[in-house]
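Please read the following report with the sequence and the model side by side, and look up each residue as it is named.

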Amino acid sequence: MSIDVIMKGGTVVSHQGVERKDIAVRDGIIVAIGDLKGLSAKSEVDVSDLYILPGVIDTDFHIIDTPENELRAAVRGGVTSALMFGELNDNSPIDYAYFLNATNENIDDITEQEMNDGIAGIYVSMSDPNSLVSDKDLHMLLKKSKRRVSIHSEDFYELEKRKDKIINGNVESHPNWHNEKVSIEANRRISAIARGAGHPVHLMHVSTAKELGMIAAYKELVTVSLSQHHLFLSGPECYQHFHEYAQIDPPIHDEENRIGLWKALTNGIVDMVSSFHKPVTTNEKEKEYPDSISGAPSVQTLLPLMLDQVSNGSISLNTLIDLTSAGPARAFNIAKKGRIAVGYDADFAICNLNEKWTFDDEDVESGCGWDHHAGAEISGKVTATMIRGEFAMWDGHLTNSTFGETIKFTDTFTEYEDE
């Protein structure tokens with residue numbers, strides 16, 4: 001058997017636990033794992049001081065103005081696949097798929113496209129007036145759809161009623177306008193509609209502890225993701241420190257909610273952690289609230305921040321890989337990704353768990369040029385990223401040698417016809 005590369009002596013984090021093993025790769029696929037001393041390869045890579053994790057599958061990645069920068073940021077963060085909002089203009093170094101945005105104008109026929117190559121599924125925003133979908137339309141969509149539907153669950157009408165809570169020039173009023181009820185009531189309705197339609201949904205970037213307590217009663221149909229914004233920041237301090245740069249939708253709430261999100265994560269209610277990467281420019285951020293734009297870059301720091309939580313004992317490595325790779329693959333039926341196992345794509349985030357480092361301003365790859373965590377001291381660093389057997393980054397340096405492909409999903413495979 002001809003082997004392209006053997007990763008020698010790394011500590012492999014997989015469904016079997018955390019063990020020192022070799023990994024053999026051929027044609028971008030893992031073909032052997034274990035003590036591979038008797039096996040030869042075209043190249044061998046010594047990773048004996050490093051941990052090999054499945055590559056991160058980011059399920060909430062927004063491309064806005066600078067795709068090349070955002071994709072570099074993803075590679076530096078150990079992301080090997082992304083479910084995206086927005087179109088790429090050119091080649092991607094990581095594997096990808098796109099969400100279809102449902103609106104009240106395309107609700108009748110959007111399900112005809114959801115099985116197409118490179119489509120991650122249908123996305124619904126319950127708060128965007130430009131793509132508003134009624135409860136009746138959502139029920140109809142869920143009855144027709146063949147795949148899990150992803151939803152941003154803030155209630156548009158509740159937001160409209162609460163506009164009197166906006167204080168011009170004061171971004172600290174943002175979580176009062178987008179208060180907990182705005183999300184809780186939307187998620188309550190969505191979960192009930194999903195159960196009535198008998199169809200699975202995914203609730204994106206949930207921001208309050210009460211939502212997760214309610215969602216726990218619907219886990220047969222509802223998956224949920226948390227964003228790093230809500231896990232690592234809390235108000236009012238974040239608004240006082242970052243001002244409009246802390247503005248996202250749904251908003252960052254208080255410390256009690258942040259702690260509640262972590263409790264739900266450790267209790268297993270949460271299926272995945274995503275970046276919710278949305279690289280809003282400084283010009284858009286520095287407009288006076290509420291004209292400032294919601295969103296923040298985050299894909300580069302998602303895995304490092306979670307590694308830091310492993311370092312301080314808050315979560316285990318196996319919990320981490322379930323939240324960043326296995327969980328997304330399971331919920332979205334992603335083929336051959338999300339775990340380190342024979343027959344799976346050789347997608348790895350290779351990390352030094354013992355390295356303590358500072359994420360400096362000059363480290364920021366995102367085209368918006370800023371990050372909430374610039375200046376943070378972190379324990380655990382992504383040193384290399386491999387995508388289908390090729391290094392997109394090695395020893396902290398981007399290689400520009402990987403070429404992304406569209407992600408395959410098991411729920412879009414069709415039966416083979418007899419010839």
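Helix α11 (residues 302–311) and helix α12 (residues 317–332) have axes that come within 9 Å of each other and cross at roughly 155°, where an axis is a line fitted to C-alpha atoms, for helices over the stretch in contact, and angles run from 0 to 180 degrees between N-to-C directions. Because angles under 35 degrees count as roughly parallel, over 145 as roughly antiparallel, 65 to 115 as roughly perpendicular and the rest as oblique, α11 is roughly antiparallel to α12. The crossing of these two helices is right-handed; a crossing is called right-handed if the near helix is turned clockwise from the far one by less than a right angle, and left-handed if anticlockwise. On the α11 side the contact is made by L303, M306, L307 and V310, and on the α12 side by L317, L320 and L323, with contact meaning heavy atoms within 4.5 Å. An α-helix has 3.6 residues a turn, so residues three or four places apart point the same way. The names of helices and strands used here are DSSP runs numbered from the N terminus, with helices being H or I runs of at least four residues and strands being E runs of at least two.

This is a predicted model, in which local features need pLDDT of at least 70 and side-chain atom pairs count only at pLDDT 80 or more, while totals for chains, interfaces and linings use all residues. Residues are numbered from 1 along each chain as its sequence is written, and side-chain values use heavy atoms, with hydrogens and water left out.

A second pair of helices is formed by α2 (residues 135–144) and α5, which pack at an angle of about 40° with their axes 9 Å apart. That angle makes α2 oblique to α5. The residues in contact are D135, L138, H139, L142 and K143 of α2, together with R189, I190, I193, A194, G196 and A197 of α5. The crossing of α2 and α5 is right-handed.

Helix α5 itself covers residues 180–197, and its 18 residues reach 26 Å from the first C-alpha to the last, close to the 26 Å expected at 1.5 Å a residue; the expected span is 1.5 Å times one less than the number of residues. The buried residues of α5 include V182, I184, I190, I193, A194 and A197, where buried means under 20% relative accessible area, exposed over 50%, and partly exposed in between, with a 1.4 Å probe and protein chains only. After α5 comes G198, whose phi is positive, near 65°.

Several single residues can be compared by their accessibility, as the table shows.

| Residue | Place | Relative accessible area |
|---|---|---|
| H202 | strand β11 (residues 201–203) | 0%, buried |
| V47 | loop between β4 (43–46) and β5 (51–54) | 0%, buried |
| H205 | loop between β11 and α6 (209–215) | 3%, buried |
| H373 | loop between β14 (348–359) and β15 (376–387) | 11%, buried |
| K336 | loop between α12 and β14 | 41%, partly exposed |

What does the side chain of H202 make a polar contact with? The partner is the side chain of S225, at 3.4 Å; a polar contact is a pair of N or O atoms within 3.5 Å, and within protein one must be able to donate a hydrogen and the other to accept it, while residues adjacent in sequence count only if both atoms are side-chain atoms. Not counting residues up to four places away in sequence, H202 also touches others, among them R148, I151, T223, M272 and F332. With the same exclusion, H373 touches Q228, F232, L233, T301, L305 and F359, and V47 is in contact with M7, K8, G9, G10, I52, I350 and W394. V47 and A194 of α5 are 147 residues apart in sequence and 46 Å apart in space, C-alpha to C-alpha.

Finally, some backbone angles deserve a careful look. Most residues other than glycine have a negative phi, and most peptide bonds are trans. Phi of H205, however, is positive, near 35°, and phi of K336 is positive too, near 60°. A cis peptide bond joins G235 and P236, with omega about 0°, and P236 is found in the loop between α7 (228–232) and α8 (237–242). Another cis peptide bond joins Y289 and P290, with omega about 10°, and P290 has its place in the loop between α10 (282–285) and α11.
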